[in-house]
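Reader: I should like to examine the structure below through a series of questions. Please reason from the residues themselves.

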Amino acid sequence: MKQLRDAFAEKFGGGQGALLFFAPGRVNLIGEHTDYNGGHVFPCALSVGTYAVARKREDTKLRFYSMNFPEKGIIDADIEELTYEEKHDWANYPKGVIAAFKKHGYAVSSGFDIAFFGNIPNGAGLSSSASIELVMGTVLEETSDWSVDRVEMVKLAQEAENEFVGVNCGIMDQFAIGMGKRDHAVLLNCNTLDYRYTPVELDSHALIIANTNKRRGLADSKYNERRSQCETALAALQTELKIHSLGDLTEEAFEAHKHLIDDPVVQKRAKHAVYENRRTIKAVDLLDQGDIEGFGALMNDSHRSLRDDYEVTGRELDALVEAAWAEGAVGSRMTGAGFGGCTISIVKKDDVDSFLTNVGDRYKKAVDLEADFYVVEIGDGAKRMEEERI
Ligand code: GLA
């Protein structure tokens, strides 16, 4: 944090009056590709995330600097001219958030100097983009005379990503990051936005994130393709069923009506969305009862469904999950959008050391890449940080 304060002082002239903010990354425990299908997700906020030191300006200028992208230097913009600009690169995310707040009538009358630093592994699918969106939202709220309901902030951040940046994501990432709670995961119904927190008490088990270190090329176009396949499936089912989203269906109702979907590939996509949603609700019930083995088994089913029906895993994620299964993980699955990125596993605490070595070896042998591992610490949602905690 001292380095971030120093970077701020160096780039923007002194640190007087600057405030410190934090927004976490997220990992999803189960409920993948269900958010935009009106289903349930079960993510948690991480203790790693994006820090921002921010200070209001007297004029309307915006000056952004990231310690993660020093080669980009200071990126200059203006609150009166907020349009997406290729050359602004990562700074389009905070710009988009300011634009969304303004569009919805939240007064933003002066600019900012802001320095960012993120410790979420890059491109790992742990939502560094939603993290920077929510840290910007928090800066806006804490430095203005209005306040905003947190779920509203979450929606505005999603809108910034959908409309300003042009990535058609669901609401899971922004929700987990805006609403996260230390040592808890949140079960969110993405249709109604009803949610409840569940303590993640794994006793003698640990949660391990493993990064495939596979670049997520083409991920956005395949993501959008899955979304539209699900929309096609929903439209076909709606010819006979009064449903609002795939999340409204039980497995039985889906099986009884799946013949309405002609294309077998589209049918598989819808099957995943329906089964994964139901699986998520069951998994959280099991966790509430302290049945960690049962929860883990459903994580494994989730991965198989994402591999075989939704087809968003790929060689590296499959190799890493198979390595975890072979090394005795209680549960292991890909997490996030897929096509690269990370897996999440539940591992007995006593086995963690051997797990890290052996899974790493197996993975390297299978795909000739080094995996990185992180023991998950579940942290709080986006917030302003108190000075004594710096
Ligand atoms: C990405 C999106 C989320 C969600 C996941 C898949 O992380 O941003 O909205 O759709 O993929 O579960």
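**Cores, ligand and two buried residues**

Author: In this predicted model, the largest nonpolar core comprises 42 residues. Those with the most contacts inside it are Phe-64, Ile-98, Phe-101, Ile-114, Met-136 and Leu-140. At least two residues each come from strands E1 (19-28), E3 (43-56), E4 (61-66), E5 (75-78) and E6 (112-118), and from helices H2 (92-103), H3 (128-142) and H4 (150-165).

Reader: Which element gives the most to this core?

Author: Several helices and strands each supply at least two residues of the core. The element that gives the most, with seven residues, is H3.

Reader: Which residues does Met-136 touch, leaving aside those up to four places away in sequence?

Author: Met-136 is among the residues with the most contacts inside the largest core. With residues up to four places away in sequence left out, Met-136 touches Phe-64, Pro-94, Val-97, Ile-98, Phe-112 and Ile-114.

Reader: How many residues has the other core, which lies apart from the largest one?

Author: This other core includes Leu-29, Leu-202, Leu-287 and Cys-342. Its number of residues is 28.

Reader: How much of the accessible area of the ligand does the protein cover?

Author: Residues around the ligand include Glu-32, His-33 and Asp-173. An oxygen atom of the ligand is 2.6 Å from a side-chain N or O atom of Glu-32, and a ligand oxygen atom is 2.7 Å from a backbone N or O atom of His-33. For the side chain of Asp-173, the distance from an N or O atom to an oxygen atom of the ligand is 2.6 Å. Of the 310 Å² of accessible area that the ligand has on its own, the protein covers 93%.

Reader: How many residues of the shell around the ligand are charged?

Author: By class, the shell has five nonpolar and three polar residues. The number of charged residues is four.

Reader: Is Thr-313 buried or exposed?

Author: Thr-313 lies in the loop between helix H9 (292-308) and helix H10 (315-326). The side chain of Thr-313 makes a polar contact of 3.0 Å with the side chain of Asp-318. Because its relative accessibility is 5%, Thr-313 counts as buried.

Reader: What separation do the C-alpha atoms of Ile-75 and Leu-156 have?

Author: Ile-75 is in strand E5 and is buried, with a relative accessible area of 5%. Its contacts, residues up to four places away in sequence not counted, include Phe-64 and Trp-90. Ile-75 and Leu-156 are 81 residues apart along the chain, and their C-alpha atoms are separated by 23 Å.

Technical notes: Residues are numbered from 1 along each chain as its sequence is written. This is a predicted model: local features need pLDDT of at least 70, side-chain atom pairs count only at pLDDT 80 or more; totals for chains, interfaces and linings use all residues. Side-chain values use heavy atoms; hydrogens and water are left out. A nonpolar core is a set of buried Ala, Val, Leu, Ile, Met, Phe, Trp, Tyr and Cys residues joined through side-chain atoms within 4.5 Å. Buried means under 20% relative accessible area, exposed over 50%, partly exposed in between (1.4 Å probe, protein chains only). Helices (H or I, at least four residues) and strands (E, at least two) are DSSP runs, numbered from the N terminus. Contact means heavy atoms within 4.5 Å. A residue is near a molecule or strand if one of its heavy atoms lies within 4 Å of it. A polar contact is a pair of N or O atoms within 3.5 Å; within protein, one must be able to donate a hydrogen and the other to accept it, and residues adjacent in sequence count only if both atoms are side-chain atoms. Accessible areas come from the Shrake-Rupley method with a 1.4 Å probe; for residues, only the protein chains shown count as cover. Ala, Val, Leu, Ile, Met, Phe, Trp, Tyr, Cys and Pro count as nonpolar, Asp, Glu, Lys and Arg as charged, and the others, Gly among them, as polar.
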